[in-house]
Structures are given as structure tokens and as C-alpha cells.
Amino acid sequence: MIAILISAGKGSRMYPLTANTPKCLIDIGKGKTVLESQLDVLQECGITKVFVVAGYLIEQVRAKINGYKFVGMEVEVVHNPFFDTSNNIVSLWLASLLIDSECISINGDDVFKSEVINALLGTDGDVVMTTSVKKNYDSDDMLVIQENKRVISVGKDLDPQKATAESVGIIKYSSRGLNILRDTIDNLLRSSDNHQKFYLHALQNIMDKGITVNSCNVDSDAWAEIDFHPDIQDVRNKIDYFVKKIN
């Protein structure tokens, strides 16, 4: 199984921490960065190949990967030269051009346990979106509306009162699903208006065409997303839960 880590952005909401450091290299405790914690879990789950899409301060990302100890997993950095003028839809598209088999895509600011990846890998479907249920949703959550274990809508502009979950930012694609995604993004990117879209805009486009996107619900305590400064401290407070070892 191949994984794509979408880690090209500047992380401007995390300034000044990201003024000289990529967001994926923020220290989350126990000597681990976000990127290292992701690679640890992916290696544990048997992922054999990882494409890390980087752009902002890419040489730091390359240096970190060159110093990482891999066992049975190959990691390659993919350069997104458009990171400063586009959103993550371009990063996912660039990585998809290098893959012709099933894969999973992962947001570069996600911290997660192996149970999240294992649950996703065990869920059938051409496109499977990992979701998580909370009691309340805020304005920055990527909201999801589901029906019968299928996702029918995703977006930050959905009504929080109608949302049934939020997207974790980890999605699995079969070979067929990847082809559908790649063709969809390719068509969308022909319009410059879509260059600043989240890649989940492509997923909504897929669903609007009647193509099934299944959901895989995971415990909200099994993952975390680092968007703002308080999120870092939250993860550091639970670092023993997320990180079990230091390479």
C-alpha cells in the first residue's frame, strides 16, 4: 500500500513557529515531529511506499527524511513548486500522477494512531473517507453529512447542525478510485478558479456525479489535527498516547 502525505503548505496560521520551519516539522514532544510521528505509524501499519509532497522549506523536509530510519518502507519527496499560489488540491494531483495502484492520502498536519490506518485499510470501497463524530463542531472543521455509511456532502460551509461527522483528512482510493480522482482533479485544474480549492472539493465533485464515497468512522481520540497553536499543546499533553517510541 502507498501513502501520500500532503505537506507542502506554509502553515501561516502557525506563525511564528512556521516562520523558519515547515508545519510538518513542528516538534510535538518526545523528540518527534509531526512528520516522524506519521512515518512511524505508517511503517507500523505495513505501508511500503510514502510520497511526501513538500514545497515550503522543502530542503528541511528532505534532510529530516534522509536522517530517518526506515524498515521495509521507501519514502520519496515530491516537489510542489506551486505551494505558494495553490491549495492542497494541486499537491494531491501531483502525487497521483506517480501512482497506478491503491493508495491513501493523508493531511500533513494529522497525528494519528495505527488503529485509524488499520480501520481504513479494512474498509471496502473505491473511495473511503475516514470520519469522526464529535458532540459539537466548530467553524474550521471539515464537516461531513453521511447516509447509510456513505458520505454525501463534505465541506467547511455545511450547516453544523446537519453535520453527522467531520473528515479526518485521511482517504483511501482503490486503483479505480484513484483514476476517478485524478481525472476529476485534472478537469478541475483546467480552471484557475479551482487552484485554491481543498482537494475535498474534488471528492464532492465525485459524489455529485453519483459515485459512492464510503465512510470509515474512527474514535475522535485516536487522531488530532494541528491547525492552531493550542492544538500543539493538546497533542503534547497526549504524546504518550500518540508516540510509543523514539527511533
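Let me start with Lys149, which is exposed in this predicted model, with a relative accessible area of 68%, and which sits in the loop between S9 and S10. Its phi is near 65°, a positive value in a residue other than glycine. Asn148 lies in that loop too, between strand S9, residues 143–147, and strand S10, residues 150–155, and Asn148 likewise has a positive phi, of about 55°, although it is not a glycine. As for accessibility, Asn148 is exposed, with a relative accessible area of 76%.

A second loop I would like to show you is the one between strand S1, residues 2–7, and strand S2, residues 27–29, where we find Tyr15. Pro16 is also placed in the loop between S1 and S2, and the peptide bond that leads from Tyr15 to Pro16 is cis, with omega near 5°. Tyr15 itself is partly exposed, at a relative accessible area of 38%, and, if we leave aside its neighbours within four places in sequence, Tyr15 is in contact with Lys10, Tyr56 and His229.

Now to the helices, beginning with H5, which runs over residues 175–188, has 14 residues and reaches 20 Å from its first C-alpha to its last, close to the 20 Å expected at 1.5 Å a residue. Buried in H5 are Gly177, Leu178, Ile180, Leu181, Arg182, Thr184, Ile185 and Leu188, and what do the buried residues of H5 pack against? They pack against helices H3 and H6 and against strands S6, S8 and S11.

Of these partners, let me take H6 in more detail. H5 and H6 pack at an angle of about 110°, with their axes 9 Å apart, and the two helices are therefore roughly perpendicular to each other. The residues of this contact divide into seven nonpolar, three polar and no charged. On the H5 side they are Ile180, Leu181, Thr184, Ile185 and Leu188, which meet His201, Ala202, Leu203, Asn205 and Ile206 in H6. To relate this to the loop we saw before, Asn205 and Tyr15 are 190 residues apart in sequence and 33 Å apart in space, C-alpha to C-alpha.

I will finish with helix H7, residues 229–237, in which Asp231, Ile232 and Val235 are buried. Seen down the axis of H7, these buried residues fall within an arc of 105°, so they line one face of the helix. The face of H7 turned away from that buried side carries the exposed residues Pro230 and Asn237.

How values were computed: Residues are numbered from 1 along each chain as its sequence is written. This is a predicted model: local features need pLDDT of at least 70, side-chain atom pairs count only at pLDDT 80 or more; totals for chains, interfaces and linings use all residues. Side-chain values use heavy atoms; hydrogens and water are left out. Helices (H or I, at least four residues) and strands (E, at least two) are DSSP runs, numbered from the N terminus. The expected span of a helix is 1.5 Å times one less than its number of residues. Contact means heavy atoms within 4.5 Å. Buried means under 20% relative accessible area, exposed over 50%, partly exposed in between (1.4 Å probe, protein chains only). The arc is that of the directions from the helix axis to the C-beta atoms. Axes are lines fitted to C-alpha atoms, for helices over the stretch in contact, and angles run from 0 to 180 degrees between N-to-C directions. Angles under 35 degrees count as roughly parallel, over 145 as roughly antiparallel, 65 to 115 as roughly perpendicular and the rest as oblique. Ala, Val, Leu, Ile, Met, Phe, Trp, Tyr, Cys and Pro count as nonpolar, Asp, Glu, Lys and Arg as charged, and the others, Gly among them, as polar.
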